[in-house]
Amino acid sequence: MRNRALLALVMVAAAIFVFGVAGLIVSGREEPVSDFVAAPRGTPAPAGPQTLQLRPDTSPEPSPASSPEGSPDETAAAYFQAWVKSDYDAMRELVDDPPDDFADQHREFEDAALSKSLRITVGNLVRTGDDTAEIPFTQERDEQDAGTWRFDSSLHLAVRDLTWKVVWTPAVLHPEIQPGGSLVRTEPDAGPLRPVTRGGREFPQNSGAEAYLDNLMNQGVAPTAGVAVGWALQIDNPGLPAKTVLSYKPEKRPVGVRTTIDYAVQAAAARALDGVQRAAIVAVRPSTREILAVSDKLGDRAAFERKYAPGSTFKTVTAAALLNNGLSPDSTVECPAAYQIPFHRSIPNYHNEDHGTVTLRQAFALSCNTTFARLTIERLNGDTLVDQARAFGFGVQGESAGTSMCGSLRRPENPDALAEDSFGQGTVEATPLCMALVAAAVESGEWRPARPLADEAPQGELPQSVVPLPSNVAEGLRSLMSAVTVDGTAAGSELPQGVAGKTGTAEDWQGGQDHAWFIGYRGDLAFAVFVEHGGTGRGAAVPIAARFLKAL
């Protein structure tokens, strides 16, 4: 009998499993790449992770009638297995009287910790009584920026209803969490970071972009993706001060929220407007539609949001419609002092100038109102002009579909309205940003909306809504705009070589002095210069554009 009892005891001992340093790694909710190492007592540990032996159980052999199911080490092993798999339902089944929010407490802990991976190292089981046991373990969590977070805890077990169960408290999650407490992640309440230029530099003094930067701050724009801003993990127990258990503070605070603004271009725009009242410059990169500069002395972000009659700069849009309907830059046209719309009003040229028979290129360069009014009446119609304007980002007033914040016009109701719209008067309105995008479309051969000023999107990502210009239209417009600076209304000015553009002088329907415009491009930079009540485009806007471009 004694020998049989001894053999039985050996068999029971051989059935006991031990577990130890197992290198459990869990990332997010992924399955672990390895598992606990389990081996019968006395079995040599396998190569790799080392196992730790349980202390021999020297307690008297329990009577069969009162023997609990399983063993504390089996229950603990199952619990840890479920934990690293985030299987909270399986864990709950192993816990004695778990709280209703058992799974929620685990999820909230993980949401606060934001651990990239979890490793649990388990020590030796210790019997603390006939029906109780304790197993020490260590959690190692990889935390973003802060490295490894390591802390020790204990798992308590007890026999409940003849079954080994985990006696759970929040201290299992972290030894300093008390009932009702939790792990909380905090971040510095420093408010939104200040906007900076694309290169991380502060904006030039008195840059004219202040209203736009304040708007970004009011929107609470986030720091550039991937920039560390610092954080802390705190234990928040009821009635006690919060205790920080892990924190990260970057060596250098982020410089700010990067915008698309280029420091040199912004500085050039700002200095070009020194001494000028009620004016704005907007510059964009045609290849990407990034806003490179906005210097605005109009107030209330008017360069982006307030619409003005664009005057003859809109002839760029009308010329695109004419080129798209059979004309070429070398087509012969008339530029009389006045054009009488049949049975309607007469359209005069500026200062009643009569240039006789010219090419379309010359008519554009000389900004002949009579030419564009006549060609629009004879060759186009309201729908054609509106459709062409849509292709340059304009919406139609009174029609919600396709309405643009950039520019707009009404659908012409009669020949008089059609003629006035053809040279940028009548119902046509546009922001300086809108007209800079028109110039950018000519340079690049396609129209696209501007990218957001806060440079959150990847540099190579281009906006949607691309509207390509037919190749003959794009090439023709480039020829027309080049003629303006070579032998047209902007010729003989201080503009540097290689600039193509279009002047504009727009009547103020409220009766004030005319508005002055000049739009254009040079290389991969397009711009619009607007001077409210400045007079003529050549007299007021072109000199500002020259100062701006020569400073680059």
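**Walking through a predicted model**

Student: At its relative accessibility, does Ala439 count as buried or exposed, and what is the value?
Tutor: This is a predicted model, and buried here means under 20% relative accessible area. Ala439 falls below that cut-off, so Ala439 counts as buried, with a relative accessibility of 0%.

Student: Which helix is Ala439 found in, and which residues does Ala439 touch beyond four places away in sequence?
Tutor: Ala439 is in helix H13, which covers residues 432-444. Leaving out residues up to four places away in sequence, the ones Ala439 touches are Ile519, Gly520, Tyr521, Ala526 and Phe527.

Student: What separates the C-alpha atoms of Ala439 and Lys502?
Tutor: Along the chain, these two are 63 residues apart. In space, their C-alpha atoms are separated by 8.8 Å.

Student: Moving on to the core: which residues touch the most other members of the largest nonpolar core, and which element gives the largest share of it?
Tutor: That core has 104 residues, and the ones touching the most other members are Phe392, Phe394, Leu477, Leu495, Phe527 and Phe548. As for the largest share of this core, ten residues come from one element, H13.

Student: And how many residues are in the other core that lies apart from it?
Tutor: Among its members are Phe102, Ala103, Val122 and Trp168. The size of that other core is 37 residues.

Student: What is the order of the strands in the open sheet with mixed pairing, and why is one side of some strands left without a neighbour?
Tutor: Three strands make up this open sheet, in the order S19-S20-S21. Each edge strand has a single partner strand, so one side of each has no neighbour in the sheet. Those edge strands are S19 (394-396) and S21 (429-430).

Student: How do S19 and S20 run, and how many bridges join them? And what stands opposite Phe394 in S20?
Tutor: S19 and S20, the latter being residues 407-409, run parallel and are joined by three bridges. The residue opposite Phe394 in S20 is Gly407.

Student: What angle does helix H11 make with S19?
Tutor: H11 (residues 382-391) packs on the sheet, where it touches S19 and S20. The angle between the direction of H11 and that of S19 is about 135 degrees.

Student: Over in strand S7, which side chains point to the buried face?
Tutor: S7 spans residues 163-167, and its side chains alternate between two faces. Thr163, Lys165 and Val167 point to the face where they are not buried. That leaves the buried ones, Trp164 and Val166.

Student: In what sense do S6 and S7 pair, and which residue of their hairpin takes a positive phi?
Tutor: S6 (residues 147-160) pairs with S7 in the antiparallel sense over five bridges, with His156 bridging to Val167. The hairpin has two residues between the strands. A positive phi near 55 degrees belongs to Asp161.

Student: Where is Glu532, and how long is the polar contact joining its side chain to that of Tyr308?
Tutor: Glu532 sits in the loop between strand S26 (526-531) and helix H15 (537-550). Its relative accessibility of 14% is why Glu532 counts as buried. Setting aside neighbours within four places in sequence, Glu532 is in contact with Arg278, Leu298, Arg306, Tyr308 and His515. The polar contact between the side chains of Glu532 and Tyr308 is 3.0 Å.

Student: Why is helix H6 largely enclosed by the rest of the structure, and what covers its buried residues?
Tutor: Seven of the ten residues in H6 (residues 263-272) are buried, so the rest of the structure largely encloses H6. The buried ones are Val265, Gln266, Ala267, Ala268, Ala269, Ala270 and Ala272. At the start of H6, a side-chain oxygen of Asp262 comes to within 3.0 Å of the backbone nitrogen of Ala264. The cover over the buried residues includes strand S13 (279-285), strand S14 (290-296) and H15.

Student: How many aromatic pairs does the structure hold, and what is the angle between the planes of Tyr79 and Phe80?
Tutor: The structure holds 16 aromatic pairs. Tyr79 and Phe80, both buried, belong to one aromatic cluster with Trp83 and Phe137. The pair of Tyr79 and Phe80 is edge-to-face, 6.3 Å centre to centre, with the planes at 75 degrees.

Key. Residues are numbered from 1 along each chain as its sequence is written. This is a predicted model: local features need pLDDT of at least 70, side-chain atom pairs count only at pLDDT 80 or more; totals for chains, interfaces and linings use all residues. Side-chain values use heavy atoms; hydrogens and water are left out. Buried means under 20% relative accessible area, exposed over 50%, partly exposed in between (1.4 Å probe, protein chains only). Helices (H or I, at least four residues) and strands (E, at least two) are DSSP runs, numbered from the N terminus. Two strands pair if DSSP finds at least two bridges between them. Contact means heavy atoms within 4.5 Å. Axes are lines fitted to C-alpha atoms, for helices over the stretch in contact, and angles run from 0 to 180 degrees between N-to-C directions. A nonpolar core is a set of buried Ala, Val, Leu, Ile, Met, Phe, Trp, Tyr and Cys residues joined through side-chain atoms within 4.5 Å. A polar contact is a pair of N or O atoms within 3.5 Å; within protein, one must be able to donate a hydrogen and the other to accept it, and residues adjacent in sequence count only if both atoms are side-chain atoms. Rings of Phe, Tyr and Trp (its six-membered ring) pair if their centres lie within 6.5 Å; planes under 30 degrees apart count as stacked, over 60 as edge-to-face and the rest as tilted.
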